[in-house]
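Student: I have a structure open in my viewer and would like some help reading it. Could we go through it together, one question at a time?

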Amino acid sequence: MAEHECELFECGHRACGGCGPALAARLILKGTGENTIVVASTGCMEVFSTPYPETAWGVPWIHSLFENAAAVASGVEASLKKQGRDEHVVCICGDGATFDIGMLCISGAFERGHDITYICYDNEAYMNTGIQRSGATPYDADTTTSPAGKCSTGNKRPKKDLPAILAAHGASYIATASIAYPNDVVKKIERAVNTPGPNYIQIHAPCATGWGFEGAETMAIGRLAVETGLWVNYEMVNGEVEKAKKIVNRKPVEEYLMVQKRFRHLFRPERNVEEIAKIQAIADRSAAKFGIDVVLKKPE
Amino acid sequence: MMEILEGSHAVAEAVRLCRPQVVSAYPITPQTHIVEALASMVADCRLDAEYICVESEFSALSSCLGASAAGSRVYSATTSQGLALMFEVCFNVAGMRQPIVMTIANRALGAPLNIWNDQQDSISLRDAGWMQCYAEDNQEATDLHFITYRVAEDHNVLLPAMVCFDGYTLTHTYEPVDLPTQEEIDAFLPPFKPYNTLDAKKPMSLGMYATPDYYMEFRYEIDEAMKRAKQAFAHAGREFAGQFGRDYSGLVEGYRLEDADTAFVAMGSLCGTVKDAIDEMRADGMKVGLLKIRTFRPFPSAEIRKALSGVSRVAVLDKNVSLGQKGAVALEVKDAVYGSGIDVFDYIIALGGRDVRKSDIRTIAGLAEKGIGDQYYGLRMEVL
């Protein structure tokens, strides 16, 4: 891993214990280095890292609104270009800001071809406002606006395929990553900021508070998402998948679901076989699409 | 050099002379000719700027914010629905103290959809922390851009500004305009010196969140900056007058007010019609005058009180209405003269581009003298 003498994302911020996005921020800045301007959206990370007059950011950082980071970054990039400056312009935004309310600005910025790297820290719901579902919330997840109940199994729709949407915009480099694989995150960020943009990276960032697990389990939960195929780490170059992380003996999705409160309703009062099978099918389709399965026979 | 130019093109030339480094805008009638002209200038290397063709007004102002924070002088233009779409960003730009100058080609707000002139759009943003100037003619619209950039970027002010001029009435009208040379404007308007900027060599965080322990002080600081902007306008206006001979140092401007009994108060192109009507009424022995408000924000209360001190009544011509109340200008003029005993009558006029003639101004003078006011003027009762 690229080591820096001091962290560019400093400790002392106010994130929950075991916060996936806080770890993502630290890894992102290891990848970008200090010659970087960060454009943030409103959300958890903005709130826990910059309560005036304190800041956790060791690089220039700007936050304007919830939905306009890509547009603000467009302006920052244009301004730097005009001045002949070479800082990397990097958006770091949550999934609500990215998948939902910020789509217009993102689409515009990618279509115009600004040299920016847009990074979504994806914790799969609006956590800052109290765990409401977003377009990034996975199928059947229980959130405060997609609650499981007598006639509901939670979130009704699968996760939006945002990397595909941005690939269709002609983005030259797109990657997914997970905080549970830190070296991979840093490598992908380094590649993105050194590839003329616009580029997109989506980082799976488990939220202990929103998903319902102990803060000490963040890395384990992140790994399980990858090991079950519910999250695939891949890279796309000019719209084609270049590389996807292989999984040896992919685990059943249950192992990931049963350790999070947001999927608890699938196991209580009794196991919801039908719904778990649907989620397994989502993982299977994704694994087949990216060709990640490696099956090794266990020694007898 | 004196040229006959369409209002929008005169403004575009003024913007070019201000040397913006980033222009970001979205087409909307009746503003479009400005940004088309700027795009042509960039294409012809007459303007050395990054031109961002955004996908919405929301992104236009958002990208201006980013570009300004990164140290560039920026420009945008919009109107009506476009300005409404920018609402959230407008407050943000002022809160982050970015000295963005934006032209507003004033137009009505829907529904019903209407592309013609009134001033409801910018008036509705009066609380956003932007300075607002209203131009009477295209010469003034042109010159106000030089002045507002100076004031906005003044480190004692650091606030964004809207230069408002009436859609179609000015934007699409050809008038003679005296355009300064580049050398003259370079002497008047120095390059942009940002106060705080995004710079990897000097990292700082901009746009943080503030708890109740800090928020009010931020708002107070903006308000104080707005008050300081009054002096900055007067100062820049005087300097401009010294260099170019056209005087915009007054936040308000009186016309034949000296011995007037009835004073009209108006903003924008309507002032021209009112002045002509006043000349005719004066010829008939009527003691009428006009107080033109040039800067609606900061609001020149003291200047208005002083200018109107000799009159008996005031007829405010409002090209806007705060629905469920009165016109916004009248309310604020009333506040300015409160306690003076002067009657202030409000006339909601010319909404959605309805024409105003000199005869209408004369009729309104008669209504005010009879004490009849606080009403819409020129309603077509037969279609109600």
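Student: Which residues of α9(B) are met by residues of α7(B)?

Tutor: Happy to help, and keep in mind that this is a predicted model. Start from the α7(B) side, which brings B:D143, B:F146, B:I147, B:R150 and B:V151. By class, the contact of α7(B) with α9(B) has 8 nonpolar, 1 polar and 2 charged residues. On the α9(B) side, the partners are B:A229, B:A232, B:F233, B:A236, B:G237 and B:F240.

Student: Is α7(B) parallel or oblique to α9(B)?

Tutor: Look at the axes of α7 (residues 138-153) and α9 (residues 215-244) of chain B, which come within 9 Å and cross at roughly 130°. Angles over 145 degrees would count as roughly antiparallel, and 65 to 115 as roughly perpendicular, so the crossing angle has to be set against these limits. That crossing angle makes α7(B), relative to α9(B), oblique.

Student: What is the handedness of the crossing of α7(B) and α9(B)?

Tutor: Here you need the sense of the turn as well as the angle. For α7(B) and α9(B), the crossing is right-handed.

Student: Which element gives the largest share of the side of chain B that touches chain A?

Tutor: In total, 37 residues of chain B are in contact with 39 residues of chain A. Elements giving two or more residues to chain B's side include β2 (22-25), α3 (57-69) and α5 (87-95) of chain B. The largest share is 9 residues, and it comes from α3(B).

Student: Which residue stands opposite A:I62?

Tutor: Strand β2 (residues 61-63) of chain A pairs with β9(B) in the parallel sense, over 2 bridges. Opposite A:I62, in β9(B), stands B:L206.

Technical notes: Residues are numbered from 1 along each chain as its sequence is written. Chains are lettered from A and ligands numbered from 1 in the order in which they are written. This is a predicted model: local features need pLDDT of at least 70, side-chain atom pairs count only at pLDDT 80 or more; totals for chains, interfaces and linings use all residues. Two residues are in contact if their C-beta atoms, placed from the backbone, lie within 7 Å. Helices (H or I, at least four residues) and strands (E, at least two) are DSSP runs, numbered from the N terminus. Two strands pair if DSSP finds at least two bridges between them. Axes are lines fitted to C-alpha atoms, for helices over the stretch in contact, and angles run from 0 to 180 degrees between N-to-C directions. Angles under 35 degrees count as roughly parallel, over 145 as roughly antiparallel, 65 to 115 as roughly perpendicular and the rest as oblique. A crossing is left-handed if the near helix is turned anticlockwise from the far one by less than a right angle, and right-handed if clockwise. Ala, Val, Leu, Ile, Met, Phe, Trp, Tyr, Cys and Pro count as nonpolar, Asp, Glu, Lys and Arg as charged, and the others, Gly among them, as polar.
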